[in-house]
Amino acid sequence: MSLQGKVALVTGGAQGIGRAVVQSLLQNSAKVAVVDLNKACGEECKVQLDTEFGEGNCVFLQCDVSDGDALTDTFKRTVDMFGRLDIVINNAGINNEKNWKKTIEVNLTSVIKGTYLALEHMSKEYGKEGGTIINVSSMAAFLHSPHQPVYTATKHGVIGFTRAIADASTQCDYGVRINVLCPAFVDTPLLLSVEHEDNMGKFVKFKDDFKRSMSKFGVLKPSLIAEGMMRLILDSSLNGAVMKITCSKGIHFHTYEPLSA
Ligand SMILES: NC(=O)c1ccc[n+]([C@@H]2O[C@H](COP(=O)([O-])OP(=O)(O)OC[C@H]3O[C@@H](n4cnc5c(N)ncnc54)[C@H](O)[C@@H]3O)[C@@H](O)[C@H]2O)c1
Ligand SMILES: CCCCC[C@H](O)/C=C/C=C\C=C\C=C\[C@@H](O)[C@@H](O)CCCC(=O)O
């Protein structure tokens, strides 16, 4: 499966799930813009990727995705540098119930903004050649964790937005497939956030319940999430799909009952 000649942009690409996805994209010969707030981590990531895949195949662009103007500029820089855009992964996310407005900005508002920017650069509506967008939600959208009310709300929002804009893409012939991926617990630094009052606020007292949930449901490897992501990128039949990845069922899709009158 070759992505030779394709250009991808991955937000939150410097560590965790985003980094695993960046590696898969490079393994499949895409050019990649690694977009992340964390400068030190991004620069270290770029050095390692250059060593593994050769220079000139990826670039690190520091950007806070919750800053709309900065995100606009980052998309433009990617296209200026690589000449086109084909794949956008809106992955950056945080777990912060204390600063819950920031959680909405990063987990939901920036996903909406990132999708609209991706459409500006890829949609036939704008005279472009088409492409694919994947927005990262969570299995938290299918449970209602009492310890993460706002995180949960943002992940519900990502699914609702993605399914709606995917329908718009079909109806208006954007030529862009837009899908959503919902992992269960994944072994990344994000999981450590449940230990901290700065992240969890008053819900920090439930940290042991969290750990019990992780033991019950298991913890996935980032490489399996990257495998799911590659399926969404390569399967041209998928638009508006809701992919779930769990330890019990692996990579599978959520199905919705058709609405009756
Ligand atoms: N780890 C899990 O258990 C899990 C499960 C389901 C869904 N998710 C989702 O997957 C996505 C990635 O999570 P992860 O586990 O890899 O987290 P992570 O914390 O390991 O990595 C997130 C990356 O996003 C970057 N980031 C954070 N805020 C940013 C901002 N404002 N602008 C730009 N970059 C920013 C961080 O610097 C980091 O490199 C998130 O949307 C998360 O909600 C994670
Ligand atoms: C710790 C802070 C970050 C949150 C991490 C993440 O976003 C949360 C994940 C939450 C839940 C995982 C649940 C997993 C459940 C499955 O194993 C399974 O029991 C449910 C299967 C249902 C289905 O596949 O339809």
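A crossing of two helices is right-handed if the near helix is turned clockwise from the far one by less than a right angle. Keep that in mind as we walk through this predicted model, beginning with a pair of helices that fits the description: helix 3 passes helix 4 in a right-handed crossing. Their axes come within 10 Å and cross at roughly 35°. On the helix 3 side, which spans residues 68-82, the meeting residues are Gly68, Leu71, Thr72, Phe75 and Val79, and they face Ser110, Lys113, Gly114, Leu117 and His121 in helix 4. Sorted by class, that contact has 4 nonpolar, 5 polar and 1 charged residues.

Now stay with helix 4 and look at its packing with helix 5. Helix 4 covers residues 100-122 and helix 5 covers residues 149-172; the two pack at an angle of about 15°, with their axes 9 Å apart. Angles under 35 degrees count as roughly parallel, and helix 4 and helix 5 are therefore roughly parallel to each other. Their crossing, too, is right-handed. Helix 4 brings Trp100, Thr103, Ile104, Asn107, Leu108, Val111, Ile112 and Thr115 to the contact, while helix 5 supplies Val150, Tyr151, Thr154, Lys155, Gly157, Val158, Phe161 and Ile165. The residues of this contact between helix 4 and helix 5 divide into 10 nonpolar, 5 polar and 1 charged.

One residue of helix 4 is worth a pause: lysine 101. Is lysine 101 buried or exposed? A residue counts as exposed if 12 or fewer other C-beta atoms lie within 10 Å of its own; lysine 101 has 11, so it is exposed. Its C-alpha atom is separated by 8.6 Å from that of valine 150, although the two residues are 49 apart along the chain. Valine 150 is itself one of the helix 5 residues in the contact with helix 4.

Let us turn to the ligands. Around ligand 1 there are 29 residues, of which Gly12, Gly16, Gly93, Thr188 and Leu190 come nearest. Which helix gives the most to this shell around ligand 1? That is helix 1, residues 16-27, with 3 residues. By class, the shell around ligand 1 holds 16 nonpolar, 11 polar and 2 charged residues.

Ligand 2 is surrounded by 17 residues, and the closest are Ser138, Met139, Ala184, Phe217 and Thr246. Its shell is made up of 10 nonpolar, 5 polar and 2 charged residues.

Methods:
Residues numbered from 1 in each chain as written. Chains lettered and ligands numbered in written order. Predicted model: local features only at pLDDT ≥ 70, side-chain atom pairs only at ≥ 80, totals over all residues. Near = placed C-beta within 6 Å. Nonpolar A, V, L, I, M, F, W, Y, C, P; charged D, E, K, R; others polar. Helix = DSSP H or I, 4+ residues; strand = E, 2+ residues; numbered from the N terminus. Axes fitted to C-alpha atoms, helices over the stretch in contact; angles between N-to-C directions. Parallel < 35°, antiparallel > 145°, perpendicular 65-115°, else oblique. Contact = placed C-beta atoms within 7 Å. Buried ≥ 20, exposed ≤ 12 C-beta atoms within 10 Å, placed from the backbone.
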